[in-house]
Amino acid sequence: MQTGKRFRAYPTPAQEKILLRWIGHQRFIYNAKVSEDRYYRAFAKKAVSLSGTPVPVDQEYARFIGPETSWLREVPSPILRNGAVRWKQAYARFFSGLARRPTFKGKDGRQSVWITSELFSFRTNDETHCEELILGTKKFPLGVLSFKAQTPYSRPASLHVSVEAGKWFVSFSSDDGLPEPKEEDTISWLRMLSEEELEGKTLGFDRGVVTPVMVSSGRRIDFSDIQKSRMEKKERSRKRWQRKLARQQKGSQNRKKTKRRLSRSFEYVKNVRKDVIHKATRDFVSDSDRTLFVVEDLKVKHMTRSPEPKKDESGRYVRNGARAKAGLNRAILASCWGLFVVLLSYKARRAGKLVLKVSPQFSSQECARCGHIHPDNRPSQAGFVCQRCGLTDNADHNASRVIAKRGIRLLLEGNAPGAGSENSKR
Ligand SMILES: [Zn+2]
């Protein structure tokens, strides 16, 4: 199974220049594959009989090097090839339901280059006895890239060098020799347990209206107050840059500047979100008591629920405090859920655990204790009161418990498709 470790790297200015070129050239090939794929799909859709050829999902890239793109030869060829391979891997992830179809990689945010074993080697420095990483080839030497390893590592099969906000990193991926756990094995092991035992091993997750994710254990995954107020500030500046952009002349230098500022204002929100979700999913998957994770099978598009508008006694709409924040919430929450499910599925699979997707129908109106389904069970946006058995709970928490139960039922009834399986292909 592939495992990875990430360390800070400290390239010299000259090395930075070379690495940025490697990154840019690999991205060029990746994006060329994306646009080629788009072209083929658009063309094939219109006239399958005319084109006759299926969409090529290969890792060929030589056709992108022509007279106008001869600058691509400024880098070692494995750099270019790996761009095509990366695209193909991203495509495979899309096919297995783990990610969306590959899209263009932009020039903003985290940038990285995938470097395979032809382009690096390790040696032990005779004086310091430290291990040194040498990058490049005879024709394209980069020299020793210094990095700081906080934890022991084994020499990797391939590595990524990345840069984000001026900080450089090197990530080692290596094969630990262990086979990746199989989903079928997990399923058949879980099926041997009783329903009560399963309940102790299961966590249900609900996409809350105000909280990004509510867990049936009672935990909420949410941002800290500081993060929230910073995100709101960023959101305001983002709107300001967007308005400015609309007024500026297309192609002008100032417009480019604004565009860069705009994407930078996204950066913070994106990073915070990733951070919070990475940490939470790591916690869930590393909890040895939990093996089954259940999520609603939501299409990301349909997920943007907003707080219901309030009416006063005369039936007129009043300003709803929650509504003011809804715009921001909507934007941040929507993207949280998708990322959460992807990361949870990915980490669970590697840990030999299971993620199931269940139908979201009426999950917000169903009682987690007795199963009674009625709209009256929801006297308010946030509250749940079962009209049959009297169970009182927070609405999101009740829903996450309902989801957990549905997952257990799906597993025991058999025919349980995992979130990463073919059945959930978008
Ligand atoms: Zn009930």
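## Exercises on a predicted model

Helix 6 (225-247) and helix 7 (253-286) each supply at least two residues of the positive patch. The model is predicted.

**Exercise 1.** Which residues form the positive surface patch? Is R247 buried or exposed?

*Solution.*
- Step 1. List the members: K239, R240, R243, K244, R247, K256, K257, R260, R261 and R264.
- Step 2. Place R247: helix 6 holds this residue.
- Step 3. Apply the cut-off: exposed means over 50% relative accessible area. R247 has 65% relative accessibility, so R247 counts as exposed.

**Exercise 2.** Find how many salt bridges the structure holds. Then work through the pair D283 and R219.

*Solution.*
- Step 1. The count is 12 salt bridges.
- Step 2. In one of them, the side chains of D283 and R219 meet at 3.3 Å, N to O. This pair links distant parts of the chain. D283 is in helix 7, while R219 is in the loop between strand 10 (213-215) and strand 11; they are 64 residues apart.
- Step 3. Check the cover. D283 counts as partly exposed, at 41% relative accessibility. R219 also counts as partly exposed, at 33%.

**Exercise 3.** Examine two salt bridges within helices: R238 with E235, and D275 with K279. Are R238 and E235 buried or exposed?

*Solution.*
- Step 1. Start in helix 6, where R238 and E235 lie 3 residues apart, about one turn of the helix. Their closest N and O atoms are 2.8 Å apart.
- Step 2. Buried means under 20% relative accessible area. R238 has 13%, so R238 is buried. E235 is at 13% too, so E235 counts as buried.
- Step 3. Go to helix 7. D275 and K279 are 4 residues apart there, so about one helical turn separates them. Their side chains meet at 3.2 Å, N to O.
- Step 4. D275 counts as partly exposed at 39% relative accessibility. K279 counts as partly exposed at 44%.

**Exercise 4.** In what order do the 5 strands of the open sheet run? Which are the edge strands?

*Solution.*
- Step 1. The order is 11-10-9-12-15, with mixed pairing.
- Step 2. Strand 11 (220-221) and strand 15 (354-358) are the edges, as each pairs on one side only.
- Step 3. Strand 12 (residues 292-296) runs parallel to strand 15, joined by 5 bridges. L292 stands opposite L354 in strand 15.

**Exercise 5.** How many residues of strand 7 are buried? Which residue stands opposite S158?

*Solution.*
- Step 1. In strand 7 (residues 158-164), 6 of the 7 residues are buried.
- Step 2. Strand 7 pairs with strand 2 (residues 111-116) in the antiparallel sense, over 6 bridges.
- Step 3. T116 stands opposite S158.

Definitions and conventions
Residues are numbered from 1 along each chain as its sequence is written. This is a predicted model: local features need pLDDT of at least 70, side-chain atom pairs count only at pLDDT 80 or more; totals for chains, interfaces and linings use all residues. Side-chain values use heavy atoms; hydrogens and water are left out. Patches are made of residues with over 30% relative accessible area and no salt bridge: like charges are joined within 9 Å, nonpolar side chains (Val, Leu, Ile, Met, Phe, Trp, Tyr) within 5 Å. Accessible areas come from the Shrake-Rupley method with a 1.4 Å probe; for residues, only the protein chains shown count as cover. A salt bridge is a side-chain nitrogen of Lys or Arg within 4 Å of a carboxyl oxygen of Asp or Glu. Lys and Arg count as positive and Asp and Glu as negative; His and the chain ends are not counted. The place of a charge is taken as NZ of Lys, CZ of Arg, CG of Asp or CD of Glu. Buried means under 20% relative accessible area, exposed over 50%, partly exposed in between (1.4 Å probe, protein chains only). Two strands pair if DSSP finds at least two bridges between them.
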